[in-house]
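Reader: I would love a close look at one part of this model. Could you take me through a single helix and what surrounds it?

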Amino acid sequence: MTDQYPSLILIAPLLFALFVFISSWFSRKPAFIMTAIALGLSSASAVGLLAQIMANGPLSYRIGGWAPPMGIEYYVDHLNALVLVVVSCLAFWNLIATRPDIERSYGDKAPIFYTLYLLSVAGHLGIVVTGDAFNLYVLLEIAALSGYALLAMGNARAHLSTLRYLFMGTVGASFYLLGVGYMYIMTGSLNMLDLARLLPPLYESPAIAAAFGLVLVGIFIKMAFFPLHAWLPNAYSDANSPASSLIAPMTTKVMVYAMIRICLTVFTPALAFKSVWFSNGMVWAAVVAMVMGALFALTQKDMKKMLTYVLISEVGYMVGGFWLGNRLGMTGSILHIVNDAVMTLCVFLCVGCITFRTGSTQFESLKGLSRKQPYTMAALVLGGLAMIGVPPTCGFYSKWYLILGGLDAGHYEFVAALVFSSLINIVLFFRIFEIAFFEPYGDMHGDHYHGPPHEKIQDAPWSMVLPLLVVAVGLIVLGLYSGSIVTNIIDFAIPATII
Amino acid sequence: MKKLAFVTILLLGIVLMAITADFPRWGDPLSPASTYLSPHFIEKTMEETSVPNIVTAVLGDYRGYDTMFETTVVFCAGAACFFILGSFGREEDDKIRYFRHRDTGVVLKVQPHGTRPSSRADFERIDPTWTPYDFIISRVAGLMIPFIQLFGLYVVAHGHHSPGGGFQGGVILAASFLLLALSHNMRTLSARISNKVLGLMSASGVLIYAGWGALALAFGGNFLDYSVLGVLLGLDPIAARSMGIMIVEIGVALTVMSTMIIIYNNVASLGAYDEGL
Amino acid sequence: MTEFLQTGLTAHYNYWIYIILMLIGLWAMMAKVNLIKKIIGMNIFQTAIILFYVSIGAKKGGTIPILEHAPGHGHEYIMDAALYINPLPHVLMLTAIVVSVATLGVALALALKTYREHKTLDEDEILSHLSE
């Protein structure tokens, strides 16, 4: 059974999604338990797989028993295994932490929500584990379709925002498909390791350069890299909290992983970093993304939307860190995938707890909230400090690696942008802390506030606050273990040719 | 904005067209795509899977993982349409309802919480926008539907030897049901095959596919390795692959058929499941 | 000139047609304001990519990839690779067609829900409603 871990990670959410759907036509009750069991099995398999990879090295799993490139294979190495653990545990924990919110927001259709939840997690896990370029497209579409459905329920604007996300997401996935088509027409293969073997003689051909560009543009659209980010703020902030706290930490990080996988494994660093002006241009583009994300976040009056712009800025960190081209930068980028996932989960769960009781995250509604929701605010403080990058939270360590990488590569603009956006993050988060902790709460007469009167607000139920506090404490624990994560896992994930 | 879009697209087009000079000639039998993987598929399919339709063999067996997720995509689209537009349909009793006696054409108006006619066979439920079914269309469609369904089943079953398979056959089967909905009424379709049955069928189709593949794990093979399931069917590994492809195609046809009808039901009636188009 | 016609035009004109189709679809998605026209543009865009893949599999003189019986031998199949077109792009595009239909279904559901709320399918009008 232990050598079937790679397929178990995906089979559990897929089969249980179908069971939940079937049971939903008979009764509402078993849906949550079945979803929790499925995600628990998946997380356990992911952890087991990581332990296996750390002991034995990368492995290849053949689906259907066919040898690649005839059949499809999973190729799991340290990078995959780490991201698999992050995604599956994140999805499991988010389910536990948002259960009351799900039951209240979706009512009768909650089991369908659980079905789509499991399908979305299965799609993202599949993107991380696969070793075949076309299979990645199919899984990308599953993750996308279930994501559209999950994000479609929310406030009055949610349908239009999701439709616009659908248009941009389809264009992105289609560009990726076209890029794979260009690679196929020039080499005849679809398997990632096979392409890495067949592509080197063709590096000079413009078709392969076009394939590289198309694949990257497609992935950038899906990860909301500035200026292709226009779909993200509306789509994530208009959706209901349980959906956005799943999709926000997961989708962009998995797409960053996909970019790293394509650049390191398919187009080996020999091609990806061949053109110096391209990698320098990418670092500059990431600098623009970081700065613009931070500046847009400053202008927002709603905390949830502000956090989505901070998310866009974080994507800039990861992309820029990778394209620095040295070991420190890539380490920072991969470590930031892990850290940012947990940080984003923490702050979006806080948003979920706040909206569960007050219905709004506008700044006016947050006045004096710390007296009424102390535990949520405490977790928000920890999450904010992590996003700013204060030691010993995890955010500090990944930023440290990114700064060292920037200095090492001579990209001082990257270091400057990092420092600048951290300063803006300080302003953003301390503004919220000031409103929540120090502003007196008065009568809520603002136009946008439709929630209960202030005296009646209490903290979210324990079933939501306890998991949130675990995540917040986890930020510190993750920070303390950063060193061992880097030396035991990430160091092996980066090819030895990168210095 | 339009100008910027136009300029971007024009530039993209010029760049892409310039790059096509690098591609192999259209129809070149010596291009990399035609000489690398496809000879193996063409020459070895018969001895490895005993299925003469190479496309079905590659779809169902070599790249069966893609097909399983494709079926999941179809299921997901049906679930998504239901989630966004539809409801489980436990209807409240607080609306005025109209019932029409089939033989005489008399229409009863039942007030909220009133007693409804007990005999479903004599009375049918209609809406204020009801018009009589066109005689010719409804009769001719009623005659055609069984033959369309027979053809759909033929396409599913003959996927191994002629163009066809689960997706194609499933869509034809769905079209036969939609013909019933269009020529009569959506309520007629719902009386024949309710939303609950459709939902269960679409999930069962994917369950057949994924379950059959997962069953291979229990018998010692990798996921979706049909050859180890020969023990279960009493066949040698090669024939077990052929039979495995058949079984998963049936699952695919079930899912595709029911999902197409679910999407039609939800989109055409905006979730209200009444008259439809 | 004849050389260009022989090696340039006749060898690659199919790719040019698909690129033009793809750009028409992309233009419709970006420039039109009616939601249904955008959805149709999306469909055209995806169909052009599907056609591109299918044309990769074409082979001069090849027939459809279903093994034919050898004449006179009954049970034997002709298995010469040069006689059949490449089956792999067709398989891949079966998947892509299904994905595009599924996306079309979800897009229509979302567009209908938007119509029900705002009573219009014009994106500019909807945005002006929402910003009031």
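Author: Happy to; here is a walk along one helix of chain B. This is a predicted model, in which local features need pLDDT of at least 70 and side-chain atom pairs count only at pLDDT 80 or more, while totals for chains, interfaces and linings use all residues. Residues are numbered from 1 along each chain as its sequence is written, and chains are lettered from A and ligands numbered from 1 in the order in which they are written.

Our helix is H3 of chain B, residues 38-49; helices (H or I, at least four residues) and strands (E, at least two) are DSSP runs, numbered from the N terminus. Its 12 residues should span 16 Å at 1.5 Å a residue, and the end C-alpha atoms, 15 Å apart, agree with that. The expected span is 1.5 Å times one less than the number of residues.

Now for the buried side. Ser38(B), Phe41(B), Ile42(B), Thr45(B) and Thr49(B) are the buried residues of H3(B). They fall within an arc of 100° seen down the helix axis, so they line one face of H3(B). That arc is taken from the directions from the helix axis to the C-beta atoms. A residue is buried if 20 or more other C-beta atoms lie within 10 Å of its own, exposed if 12 or fewer, and partly exposed in between, with C-beta atoms placed from the backbone. As background, an α-helix has 3.6 residues a turn, so residues three or four places apart point the same way.

What do the buried residues of H3(B) pack against? In chain B, their partners are helix H2 (32-35), helix H4 (54-62) and helix H11 (237-269), joined by helix H3 (88-118) of chain C. Contact here means C-beta atoms, placed from the backbone, within 7 Å. Just after H3(B), Ser50(B) takes a positive phi of about 55°.

Key
Contact = placed C-beta atoms within 7 Å.
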